[in-house]
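Here are some exercises to work through with the model open beside you. Try each task before you read its solution.

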Amino acid sequence: MNTDTVADYLTRIRNANKCRQKIVEIPASNLKKGITKILYDKGYILNYKFVDDNKQGIIKIALKYHPVTKMPAINKLERVSKPSIRRYCGKDDLPRVLNGLGVAVLSTPKGLMTDKEARKNKIGGEVICYIS
C-alpha cells in the first residue's frame, strides 16, 4: 500500500528518465491525470494515454528527449506538499520555479493549474510539485 501516490508518480517518471525509457506506465487517479495533462500542455512529455483496465486504470506516458543529445526534457521533479506537511500559498506568494522557466503545479478550488494560471486567476492553493 502506497500512501503518497503523487510521490510514487513523480519517482516513476524520474527513474524512467534516468534509464532513457520511452514509455512509462503508472496507476491512474484523477490527480495524476491532471498532472499528466499539465506536463503535456507545457511540453515536458511527448504524449499520454489513459487505459481502462476495469480496475484503477493505467496512464501510459511517452517521455520526451532531445533528438541529438538524448537529454530528457524533464530535468527535475520535486514533490513539495507531502501528506505529513502540506504547503499552501495565497495568491500573493505563489512560487516561481527557476525564475519563471519551470512550472509549479497547484491544487486550487478551481482544479489543478500551474503557478502562472493561478497568478492570472488571482487564486492560491496547495503546491503539489515543481517541474523544471
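## Exercise 1: the sheet around β3

Five bridges tie strand β1 (residues 23-27) to β3, and the two run antiparallel. Two strands count as paired if DSSP finds at least two bridges between them. Strands here are DSSP runs (E, at least two residues), helices are runs of H or I with at least four residues, and both are numbered from the N terminus.

A word on the ground rules: this is a predicted model, in which local features need pLDDT of at least 70 and side-chain atom pairs count only at pLDDT 80 or more, while totals for chains, interfaces and linings use all residues. Residues are numbered from 1 along each chain as its sequence is written, and side-chain values use heavy atoms, with hydrogens and water left out.

**Task.** Find the strands that pair with β3, then sort the residues of β3 by face.

**Solution.**

1. Start with β1: its Ile26 stands opposite Ile59 in β3.
2. Move on to strand β2 (residues 45-51), which is joined to β3 by six bridges, again antiparallel. Here Asn47 has Ala62 of β3 as its bridge partner.
3. Follow the chain from β2 to β3: the hairpin has six residues between the strands, and Asn54 in this hairpin takes a positive phi near 60 degrees.
4. Now sort the side chains. In a regular strand they alternate between the two faces of the sheet. For β3 (residues 58-63), the covered face holds Ile59, Ile61 and Leu63, and the uncovered face holds Ile58, Lys60 and Ala62.

## Exercise 2: salt bridges

**Task.** How many salt bridges are there, and which parts of the chain do Lys60 and Glu25 link?

**Solution.**

1. Set the rule: a side-chain nitrogen of Lys or Arg has to lie within 4 Å of a carboxyl oxygen of Asp or Glu. That rule gives six salt bridges.
2. Look at Lys60 and Glu25, whose side chains meet at 3.5 Å, N to O. This pair links distant parts of the chain, with Lys60 in strand β3 and Glu25 in strand β1, 35 residues apart.
3. Check the exposure of that pair. Buried means under 20% relative accessible area, exposed means over 50%, and partly exposed is in between (1.4 Å probe, protein chains only). Lys60, at 32%, is partly exposed, and so is Glu25 at 42%.
4. Turn to helix α1 (residues 5-18), where Arg12 and Asp8 sit four residues apart, about one turn of the helix. Their salt bridge has its closest N and O atoms 3.1 Å apart. Arg12 is partly exposed at 33% relative accessibility, and Asp8 is partly exposed at 21%.
5. Finish in helix α3, where Asp115 and Arg119 are also four residues apart, about one turn. The closest N and O atoms of this salt bridge are 3.8 Å apart.

## Exercise 3: around helix α3

**Task.** Asp115 and Arg119: is each one buried, partly exposed or exposed?

**Solution.**

1. Read off the accessibilities. Asp115 counts as buried because its relative accessibility is 1%, whereas Arg119 counts as partly exposed because its value is 29%.
2. Compare the distance along the chain with the distance in space. Cys89 and Asp115 are 26 residues apart in sequence and 11 Å apart in space, C-alpha to C-alpha.
3. Place Cys89: this residue lies in strand β5 (residues 88-89), and it is buried, with a relative accessible area of 7%.
4. Look at the strands β6 (residues 103-108) and β7 (residues 111-114), which pair antiparallel over four bridges. A hairpin joins them through two residues, and Val105 has Thr114 of β7 as its bridge partner.

## Exercise 4: positive phi in the loops

**Task.** Where do Arg20 and Leu98 lie?

**Solution.**

1. Arg20 is in the loop between α1 and β1. Its phi is positive, about 60 degrees, although Arg20 is not a glycine. At 40% relative accessibility, Arg20 is partly exposed.
2. Leu98 is in the loop between β5 and β6. Its phi, near 50 degrees, is again a positive value in a residue other than glycine. Leu98 counts as exposed because its relative accessibility is 54%.
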